[in-house]
Structures are given as structure tokens and as C-alpha cells.
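Hi everyone, thanks for coming. I'd like to walk you through a structure that may be new to you, so settle in and have a look.

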Amino acid sequence: GPLLERPLMEVRLGELHTWISSCSFSPQGLLGAVQRAWSSYCAKYIHVKQGGPAGISMLLAGYCLLSYGWNYQHFKRHRWRKYH
């Protein structure tokens, strides 16, 4: 199919620049991309017939990493104050 309709994992390395330049970076385009990614994640890991804890645990692990990234500066300053 057309390059724009292909998901990222099906785009070849040589076509990556063209694929990125054809994407819409408007707020509506970014919101649509996030919605498609979320529905794809739910279809693959959450809404399955014989699901396990993998989908929820990946979501929680992602939240923990994101939370640590947001608070990294605070943790770093606390570590410096702790022993000096």
C-alpha cells in the first residue's frame, strides 16, 4: 500500500525519512497517532481471549519509568544532599 498508510514497523530504513516527512505533526494528527497506538496496544495485549498479566505489567512498568524520568532531577539533588 501507500507509504503513509503503513505502520512504522513495516517501513524500511531507506523509506523512513519519506515516511516521517509525510506524517502530520498538527495537534489533530498527533492526537490521531496516539489514539491509533493506544487502540493497537489494547488490541494486542489487553483485549485478548487468553490474556495474562503481560499487558497490565508493561503498562505499569512504563508508568514507573516515565515517573522516574519526570522526577530524575529531584532524585539527583536528593542523592547529592544525602551524604554531604
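Let me begin with one term: a residue is called buried under 20% relative accessible area, exposed over 50%, and partly exposed in between. Please also keep in mind that this is a predicted model.

Now, the overall picture. The protein chain has four helices and zero strands, so reading from the N terminus you meet α-α-α-α. Of the 84 residues in the chain, 10% are buried. The chain exposes about 7700 Å², and carbon and sulfur atoms supply 65% of that area.

Let's turn to the aromatic rings. How many aromatic pairs does the count come to? The count comes to two. One of them is formed by Y68 and Y72, and this pair is edge-to-face, with 5.9 Å from centre to centre and 65° between the planes. That label fits because planes over 60 degrees apart count as edge-to-face.

And how do these two tyrosines sit with respect to the surface? Y72 has a relative accessibility of 33%, so it falls between the two cut-offs and counts as partly exposed. Y68, at 44%, is partly exposed as well.

Last stop: a nonpolar patch on the surface. I20, F25 and L30 make this patch, which covers about 300 Å². Where would you look for F25? You'll find F25 in the loop between α1 (16-21) and α2 (27-46). F25 counts as exposed, because its relative accessibility is 58% and the cut-off is over 50%.

That's my tour, and I'm happy to go back to any part of it.

Definitions and conventions. Residues numbered from 1 in each chain as written. Predicted model: local features only at pLDDT ≥ 70, side-chain atom pairs only at ≥ 80, totals over all residues. Heavy atoms only, no water. Helix = DSSP H or I, 4+ residues; strand = E, 2+ residues; numbered from the N terminus. Buried < 20%, exposed > 50% of the residue type's maximum accessible area, 1.4 Å probe, protein only. Areas by Shrake-Rupley, 256 points an atom, 1.4 Å probe, with all protein chains shown as cover. Phe/Tyr/Trp six-rings, centres within 6.5 Å; stacked < 30°, edge-to-face > 60°. Patch = residues over 30% accessible without salt bridge, like charges linked within 9 Å, V, L, I, M, F, W, Y side chains within 5 Å. Salt bridge = Lys/Arg side-chain N within 4 Å of Asp/Glu carboxyl O.
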